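User: Could you take me through the unusual backbone geometry in this structure?

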Amino acid sequence: MILELQRDSRVPLYSQIVTEVRRMITAGALKVGDRLPANRELARTLGVNRNTVSTAYAELVADGLITSRVGSGTYVSSVPAPEAKQARGESLSSPMPWEALLAERGRDNWLHEMAGFYEQREMISLSLALPSADLFPLDDFRRCVDHVLRKQGRTLLQLGTTGGYPRLQEFIASQLALTGARVTPDEVLITNGCQQSLDLIRQILVGQGDEVALESPTYPGALSVFCGAGSKYISVPVSEKGIDLDVLEDVLSQRRAKLIYVVPSFQNPTGCTMDHVSRRRLIGIASRFRIPIVEDDIYRELRYDGPAIPPLKALDEHGLVIYISSFSKVGFPGLRVGWIAAPRIVIDHLNRVKQRCDLHASLLAQAAIHEFAKRGLLARHIKRVKKAYAERRDAMLGALERHFPDLTRWSRPNGGMSVWVSLPDSINANQLLHQAVEGGVSFISGDHFYASSPSQNSMRLSFTMAGPEAIEEAVKRLGLMIKARLARIRRAQTPKRVDSMRALV
Ligand code: PMP
């Protein structure tokens, strides 16, 4: 598809794309059923931002001219009916210039992109680090919702206070005490999950031009919060022991970071865990440079083997750790309940920002999950899912051993939801993904997890959503695809070598 864009025009680029695609459909150059290039591909061809193409496609979808089928692509779905529009008095040539009006664009629509494959029926999903919905104890949870509604319905459906449902704040403080972290209930703010916690923390601590130190690779939701337009970041590599402390120390002696964001247990995406000694050293470094640490401990309870290691929060004698977690991995991500535990002065500021955002998290959701925990059902559920996920993790590690080629490397996590795979250098994970999706397997290519300079040959395989047999099958299919690609690459290289040898003779 060849589109002509006028870069010096005052018409926004997205709008020009809309007009051009519309023109091509009207002229018959694009017919109903024709496939349009993927966002990324068209953005690359045109030399524009992916958001520009997404905005243009969204407008064409809204006009009914194209449809997006998740995981399959974008297709022409109808021909414009200009007469109908003109009859309604609508202008054809001057759509609302939303792109130009936007004050903040945000990063890619990463969650949507990742979730896309999940919705397809026949797909074996290794893409999402989410709990298996098949294991949700729906009846137990329904009884808890019924109970709290019956007992406290009028309070729970009324507006509450920003800090959270007091009994849940107390419960969180008591759970943290079990890990060795001393936190009072008023040092806990209930949020709508870790994602919101990160955004609230950014709002109170990270100003324009401030730098944030992040693990590389890291959780894409954190990238979307800390690495938006205009923000600065410091990428620090992750090794088997978590964030590389030598590099971090080095970097902090030259640059001033406003905070350090880490996932010390079963990191997303690598699955790696910081050992006790490294955790103490990290606290020491942060204390020396007077930099707060945001500890994202969302996977802590999903430990299948290896020793329990205290969270940074429990080792922090300086009051520098802001601790975040949620019920999304151990319970139900759709409930949207998480928390921040931090020194009182930090919580007070977060409280104000939270109030500005949405007043408070849903009281019904908070009370229901509290009841679920109080009855011992959460602990029982966690025990059950840990058993299932440990089996699935083992199934994945075994399948990787059996089916992936020799030059592939992968992490062996003691917990969490994902394995991080480094493919041979010549394999591009994004190209492999396209083939894999056709072959009924989805995963996330590694480039989503980097703020910059992404690795092209890595992939995250999550093992919680599919059962052991499906995991075996999916990894087997991926292994065959990778081996076939390697063989093709080798074949393509062989004649060149022969030619150059001939030249030498
Ligand atoms: N942090 C990490 C490391 C995650 O992996 C995720 C979810 N994938 C989140 C935060 C977001 O969690 P929540 O649902 O609590 O917002």
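Analyst: Certainly. Please note that this is a predicted model. Two topics are of interest here: cis peptide bonds and positive phi angles.

User: Let us begin with Pro269. Where is Pro269 placed?

Analyst: Pro269 is in the loop that runs between strand E9 (257-262) and helix H12 (276-289). The peptide bond leading into Pro269 from Asn268 is cis, and its omega is near 15 degrees.

User: And what kind of peptide bond joins Ser216 and Pro217?

Analyst: Ser216 and Pro217 are joined by a cis peptide bond, with omega at about 5 degrees.

User: Which elements flank the loop of Pro217?

Analyst: The loop holding Pro217 lies between strand E6 (211-216) and helix H10 (220-226).

User: Changing topic: what is the phi of Arg290?

Analyst: Arg290 has a positive phi of about 55 degrees, although Arg290 is not a glycine. This residue sits in the loop between H12 and strand E10 (293-296).

User: Is Arg290 buried or exposed, and why?

Analyst: Arg290 counts as exposed because its relative accessibility is 63%, and the cut-off for exposed is over 50%.

User: What about Leu359, where is that one?

Analyst: Leu359 lies in the loop between helix H14 (344-358) and helix H15 (363-374). Leu359 is not a glycine either, yet its phi is positive, at about 65 degrees.

User: How is the accessibility of Leu359 classed?

Analyst: Leu359 has a relative accessible area of 41%, so it is classed as partly exposed. That class covers values between the buried limit, under 20%, and the exposed limit, over 50%.

Key. Residues numbered from 1 in each chain as written. Predicted model: local features only at pLDDT ≥ 70, side-chain atom pairs only at ≥ 80, totals over all residues. Heavy atoms only, no water. Helix = DSSP H or I, 4+ residues; strand = E, 2+ residues; numbered from the N terminus. Buried < 20%, exposed > 50% of the residue type's maximum accessible area, 1.4 Å probe, protein only.
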